[in-house]
Amino acid sequence: MSDSFTSDTYEALCRDAEGYLARGLAEQARELLLKATDLIGTRPRARSVLADACMSLGLWDEAREQLVALSTLEINNIYTHFRLGQVLEELGDLELALDNYKVVADINPEHHGARTAIARIDRKAPLDKPEEAV
């Protein structure tokens with residue numbers, strides 16, 4: 001398969017999946033995006049849209065998998081870290097969720113969503129342990 005054909009196919013799958021997702025057809029979008037990530041796993045577009053589709057379907061473990069992979073492809077992307085924080089919070093991993101929200105707040109201290117999430121997690125379960133304060 002030529003590189004041009006592979007790239008064109010990847011882009012077409014992503015474009016079609018984005019159309020499905022825009023119409024609320026997340027499962028159809030997910031199927032196309034799984035094909036796109038199998039085709040080219042090192043490009044962020046399909047993984048990002050796939051994470052959105054999985055989140056809308058409540059497939060939290062799959063969304064986490066895509067966002068973790070995406071966070072290695074786009075290290076300082078605050079949108080990725082914010083969504084990863086949301087997914088981890090949904091899965092009950094408050095410590096890792098908080099870490100991701102703090103990455104967002106460190107890059108953009110005015111990010112309202114990250115600041116709100118950090119405060120929410122601090123209210124749920126303060127993660128500072130007394131033995132760490134020594």
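How many helices and how many strands does the protein have? The protein has 7 helices and 0 strands, and the legends below walk through several views of this predicted model.

**Figure 1. The whole chain, read from end to end, follows the pattern α-α-α-α-α-α-α.** Let us start with the overall picture. Taken along the principal axes, the C-alpha atoms of the protein fill a box of roughly 60 × 25 × 25 Å. The protein has 134 residues, and buried ones make up 37% of them. Turning to contacts between residues at least 6 apart in sequence, 49% join residues that are at least 24 apart.

**Figure 2. The largest nonpolar core contains 32 residues.** Within this core, Leu33, Leu67 and Tyr101 touch the most other members. Helix 1 (3-22), helix 2 (26-39), helix 3 (44-57), helix 4 (60-73), helix 5, helix 6 and helix 7 (112-124) each supply at least two residues of this core.

**Figure 3. A closer look at Leu33, a residue of helix 2.** Is Leu33 buried or exposed? Leu33 has a relative accessible area of 0%, so it is buried. Once neighbours within four places in sequence are set aside, the residues in contact with Leu33 are Cys14, Ala17, Ala46, Val49 and Leu50. For a sense of scale, the C-alpha atoms of Leu33 and Leu91 are 23 Å apart in space, with their positions 58 residues apart in sequence.

**Figure 4. Helix 3 and helix 4 cross at roughly 155°, with their axes coming within 8 Å.** That angle is over 145°, and helix 3 is therefore roughly antiparallel to helix 4. The crossing of helix 3 past helix 4 is left-handed. From helix 3, the contact uses Pro44, Arg47, Ser48, Leu50, Ala51, Cys54 and Met55. Helix 4 brings Trp60, Glu62, Ala63, Gln66, Leu67, Ala69, Leu70 and Leu73 to the contact. Sorted by class, the residues of the contact of helix 3 with helix 4 are 11 nonpolar, 2 polar and 2 charged. You may recognise two names from the earlier views: Leu50 is in contact with Leu33, and Leu67 is among the core residues that touch the most other members.

**Figure 5. Thr80 sits in helix 5.** With a relative accessible area of 1%, Thr80 is buried. Which residues does Thr80 touch, not counting those up to four places away in sequence? They are Leu67, Leu70, Ser71 and Glu74. Two of these, Leu67 and Leu70, also take part in the contact that helix 4 makes with helix 3.

**Figure 6. Helix 5 (residues 78-90) and helix 6 (residues 94-107) have axes that come within 8 Å.** How do these two helices run relative to each other? Their axes cross at roughly 160°, and helix 5 and helix 6 are therefore roughly antiparallel. Helix 5 passes helix 6 in a crossing that is left-handed. On the helix 5 side, the meeting residues are Ile78, His81, Phe82, Leu84, Gly85, Gln86, Leu88 and Glu89. Their counterparts in helix 6 are Leu94, Leu96, Ala97, Asn100, Tyr101, Val103, Val104 and Ile107. This contact of helix 5 with helix 6 comprises 11 nonpolar, 4 polar and 1 charged residues. Tyr101 deserves a second glance here, as one of the core residues that touch the most other members.

Terms used:
Residues numbered from 1 in each chain as written. Predicted model: local features only at pLDDT ≥ 70, side-chain atom pairs only at ≥ 80, totals over all residues. Heavy atoms only, no water. Axes fitted to C-alpha atoms, helices over the stretch in contact; angles between N-to-C directions. Helix = DSSP H or I, 4+ residues; strand = E, 2+ residues; numbered from the N terminus. Parallel < 35°, antiparallel > 145°, perpendicular 65-115°, else oblique. Left-handed = near helix turned anticlockwise from the far one by under 90°. Contact = heavy atoms within 4.5 Å. Nonpolar A, V, L, I, M, F, W, Y, C, P; charged D, E, K, R; others polar. Core = buried A, V, L, I, M, F, W, Y, C linked by side-chain atoms within 4.5 Å. Buried < 20%, exposed > 50% of the residue type's maximum accessible area, 1.4 Å probe, protein only.
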